Amino acid sequence: MTMIIDCHGHYTTAPPQHDAWRDAQKAAFKAGETPPPYPAISDDEIRETIEANQLKLLKERGADMTIFSPRASTMAHHIGDEDVSKAWSRVSNDLIARVCDLYPETFAGVCMLPQSPKADLQGSIAELERCVTGLGFIGCNLNPDPGGGHFAFPALTDRYWYPFYEKMVELDVPAMIHVSGSCNPALHATGAFYIAADTIAFMQLIQGDLFKDFPSLRFIIPHGGGAVPYHWGRYRGLADMLKQPSLDTHVMNNVWFDTCVYHQPGIDLLAEVIDTKNILFGSEMVGAVRGVDPQTGQYFDDTKRYVDALPVTSEQKHAIFEGNARRVFPRLDAKLKERGL
């Protein structure tokens, strides 16, 4: 029997004390003051936020497990300095760890990183190691544009990122390429910035030769891969024009797209264009698109319905729902095997 593993979930319903502390932290930084201590949050308060939201919807929609991380839009690496990001990342990741400890059969942790526009990656390396080796996390979210919507950072193929990639390879964990909130008023966060960043990341990978240096490095590009699957001929053609190898060997041994595409025609096209081995089930639930689709009467982010309706084999659906996630997240695979799954 196939296990339904959602590769893309964020703690968008965190207790209000958590977000209130963040507001206090930002205000303290602006005033040049020390932020207040992080508040006490009880297990029961965490249970209330999870059981009325993510856990309830998982059960209703037929999924078994979510790969869970802090809310992406509030990572906000452009706010404050690296010390601000370190403190915010630590408390946010610790909160995810508590969720995973309370519901170990349902949630597996993925960490945010204390990236900051003027910092190197040493703090992010340390936080990744703490979360993976100390908290049992299975991956991370890597922001390719910590400046928040101005795309002033080096490409993902630049050697700036190499120390972090070396740690990812050492720990055998993947990264979801995921930006955060936009501070650029011309870029709506979830409708423009997210999709643009996904697309830009893929093009950067085409232009470089990153996977020659890191053949076991693994990236998930969320939101269905941005614009990429829907302009696949463009990217195959550009790779050819740039004298790069075919995409199936140059990029697609190391990159996966999720199914956070909120209508059936989009999922159908994703599965038609992209090899099944490169697709991970994801919903981003409860996330960017929460309402009911008036054309179907179903929630936009109930993405399992779309995958269920795909005209593919049972083996292909198993790969999308479970098999690929276990390959991309070997630490998850090990946890499941310990449970006899």
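Here a student and a tutor talk through a predicted model of one protein chain.

Student: What makes up the secondary structure of the protein chain?

Tutor: You'll find 14 helices and eight strands in the chain.

Student: How do you know whether the protein chain agrees with a compact globule?

Tutor: Set one value against the other. A compact globule with 341 residues would have a radius of gyration near 20 Å, and the protein chain has 19 Å, so the two agree. If you want the outer dimensions, the C-alpha atoms fill a box of roughly 55 × 45 × 40 Å along the principal axes.

Student: What share of the residues counts as buried?

Tutor: The cut-off is under 20% relative accessible area. By that rule, 55% of the 341 residues are buried.

Student: Why is strand β2 said to be largely enclosed by the rest of the structure?

Tutor: Check its residues, 65-70, against that cut-off. Six of the six come out as buried, so β2 is largely enclosed by the rest of the structure.

Student: How do you know which strands β2 pairs with?

Tutor: Count bridges: a pair needs at least two. Strand β1 (residues 5-11) and β2 have five, in the parallel sense. Between β2 and strand β3 (residues 107-111) there are three, and these strands run parallel too. Both counts meet the cut-off, so both are pairs.

Student: Which residues could I look at to see that?

Tutor: On the β1 side, find H10, which stands opposite S69 in β2. On the β3 side, F68 has G109 as its bridge partner.

Student: What makes β2, helix α4 and β3 a unit, and which hand does it have?

Tutor: They form a β-α-β unit, with α4 covering residues 82-102, and the unit is right-handed. You can test the hand yourself: point the strands away from you, and the path from the first strand over the helix to the second runs clockwise, so the crossover counts as right-handed.

Student: What is the strand order in the open sheet, and what makes a strand an edge strand?

Tutor: The eight strands go β1-β2-β3-β4-β5-β6-β7-β8, with parallel pairing. An edge strand pairs on one side only, and that describes β1 and β8 (279-280).

Student: How many cavities are there of 30 Å³ or more?

Tutor: There are four. A cavity is a space where a 1.4 Å probe fits but cannot get out. The largest has a volume of about 120 Å³.

Student: What lines the largest cavity?

Tutor: It has 14 lining residues, and Y11, A14, H18, R71 and T74 lie nearest its centre. Helices α1 (16-31) and α4 each supply at least two of the lining residues. The most come from α4, which gives four. By class, the lining has eight nonpolar, four polar and two charged residues.

Student: And what about the second largest cavity: what is its volume, and which residues are closest to its centre?

Tutor: Its volume is about 70 Å³. Of its 13 lining residues, C7, I67, V110, N141 and M176 are the closest to the centre. Strands β1, β2 and β4 (139-142) each supply at least two lining residues, and β1 gives the most, with four.

Student: How does that lining divide by class?

Tutor: The lining of the second largest cavity has eight nonpolar residues, five polar ones and no charged ones.

Notes. Residues numbered from 1 in each chain as written. Predicted model: local features only at pLDDT ≥ 70, side-chain atom pairs only at ≥ 80, totals over all residues. Heavy atoms only, no water. Buried < 20%, exposed > 50% of the residue type's maximum accessible area, 1.4 Å probe, protein only. 1 Å grid on protein atoms, 1.4 Å probe; cavity = no way out; pocket = protein on both sides within 12 Å on 5 of 7 lines; lining within 4 Å. Points joined across faces, edges and corners; volume = space filled by probe spheres on them. Nonpolar A, V, L, I, M, F, W, Y, C, P; charged D, E, K, R; others polar. Rg over C-alpha atoms; globule rule 2.2 N^0.38 Å.
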